[in-house]
Amino acid sequence: MVSLQDYLADPCGTLSIPYWKAKQISVPPGMDIVHHSRFCPQMAQGRSHSSFFRLIHRLGAVPRFEPPPGVALAQVSPEQAGEIAALINRCYRHSGIQVTQEEVRGWAGSPACRPELWVGAFAEGALVGSVIGEFDPEAGEGVIEWLQVLPECRGRGIAAALTARTLETMGGFAGFATVSGARENPTRPERVYRACGFEGDDVWHILR
């Protein structure tokens, strides 16, 4: 495990996941996670291979993105776990990711949970998008953990508005924020994060 000092010197290049998670999670047997600086294609021969970006935001300036007309942003809570789980499952169907409402409620028990970083986008009273953020007080790190918008509501700026609102809130107590996502994701979330001020070129490869 790397030291907190080393992590803070280069969060996205030192670890593939946030510091607080790395203290609790071990890499499963048969899996290797390799930074792009140490990766070569031969490593992937005979193994499944995926990759994801990891970006950082210093929270000095957050671009302002307002939700489109007819959409309002408001805090969501674990009591809405059923709606949040249903939203996540619809949005991530292409990747096979599924969560239960019990899992969503469990996130509220995480040591990195900050209720004000749970934000929903509502249209006519229905949840059409949401973001779940986290905060590690030891590292001073905010994390965009889940960001999703219903397929039929994409392309209207809802994801950027959710991200910007969360970053603005994080700016009140975090020193920086990180986010990661699959490079193979057809929705190309990296575009949204970079539009909101995230930077970096770190890529991590998962080999199984």
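**Notebook: a sheet of eight strands and what packs on it**

I began at one edge of the sheet, where E3 and strand E4 (residues 113-123) pair in the antiparallel sense over five bridges. I count two strands as paired if DSSP finds at least two bridges between them. Helices (H or I, at least four residues) and strands (E, at least two) are DSSP runs, numbered from the N terminus. The model is predicted, so I kept to its limits: local features need pLDDT of at least 70, side-chain atom pairs count only at pLDDT 80 or more, and totals for chains, interfaces and linings use all residues. Residues are numbered from 1 along each chain as its sequence is written, and side-chain values use heavy atoms, with hydrogens and water left out.

**Entry 1: the sheet**

I looked up one bridge between E3 and E4: alanine 74 has glycine 120 in E4 as its bridge partner. Then I traced the whole sheet. It is open, has eight strands in the order E1-E8-E2-E7-E6-E5-E4-E3, and its pairing is mixed. Strand E1 (32-35) and strand E3 (71-75) are the edge strands, each pairing on one side only. On average, neighbouring strands are turned by 25° against each other, direction ignored. As a reminder to myself, strands of a sheet pair through backbone hydrogen bonds, either parallel or antiparallel.

**Entry 2: helices on the sheet**

Next I checked the helices. Helix H4 (residues 81-91) lies across E4, strand E5 (126-136) and strand E6 (141-149), and runs at about 100° to E5. Axes are lines fitted to C-alpha atoms, for helices over the stretch in contact, and angles run from 0 to 180 degrees between N-to-C directions. Helix H6 (residues 158-170) also packs on the sheet: it touches strand E2 (49-57), E3, E4, E5, E6 and strand E7 (176-182), and its direction makes about 160° with that of E6. Contact means heavy atoms within 4.5 Å.

I listed the buried residues of H4: Ala81, Ile84, Ala85, Leu87, Ile88, Asn89 and Cys91. Buried means under 20% relative accessible area, exposed over 50%, and partly exposed in between (1.4 Å probe, protein chains only). The cover over these buried residues includes H5, E4, E5 and E6.

**Entry 3: a glycine in E5**

I picked out glycine 133, which lies in strand E5. Glycine 133 is buried, with a relative accessible area of 0%. Leaving aside neighbours within four places in sequence, glycine 133 is in contact with Arg114, Leu117, Trp118, Val143, Glu145 and Met170. Its C-alpha atom is separated by 9.7 Å from that of valine 179, 46 residues apart along the chain.

**Entry 4: cysteines**

I searched the whole structure for disulfides and found zero. A disulfide is a pair of cysteine sulfur atoms within 2.5 Å. For cysteine 12, the nearest cysteine sulfur is that of cysteine 196, 16 Å away. Cysteine 12 counts as buried, at 3% relative accessibility. Why is cysteine 91 without a bond to cysteine 153? The sulfur of cysteine 153 is the closest cysteine sulfur, but at 8.9 Å it is too far for a bond. Cysteine 91 is buried as well, with a relative accessible area of 5%.

**Entry 5: aromatic rings**

I found six aromatic pairs in the structure. Rings of Phe, Tyr and Trp (its six-membered ring) pair if their centres lie within 6.5 Å; planes under 30 degrees apart count as stacked, over 60 as edge-to-face and the rest as tilted. Phenylalanine 53 and tyrosine 193 make a tilted pair, 6.2 Å centre to centre with 55° between the planes. Phenylalanine 53 is in strand E2 and tyrosine 193 in helix H7 (residues 189-195), 140 residues apart. Both residues are buried.

Tryptophan 107 and tryptophan 146 are stacked, at 5.3 Å centre to centre and 20° between the planes. Tryptophan 107 lies in helix H5 (residues 101-107) and tryptophan 146 in strand E6, so the pair ties together parts 39 residues apart in sequence. Tryptophan 146 counts as buried at 14% relative accessibility.

**Entry 6: a loop residue**

Last, I looked at glutamate 124, which lies in the loop between E4 and E5. Its phi is near 55°, a positive value in a residue other than glycine. Is glutamate 124 buried or exposed? Glutamate 124 counts as exposed, at 86% relative accessibility.
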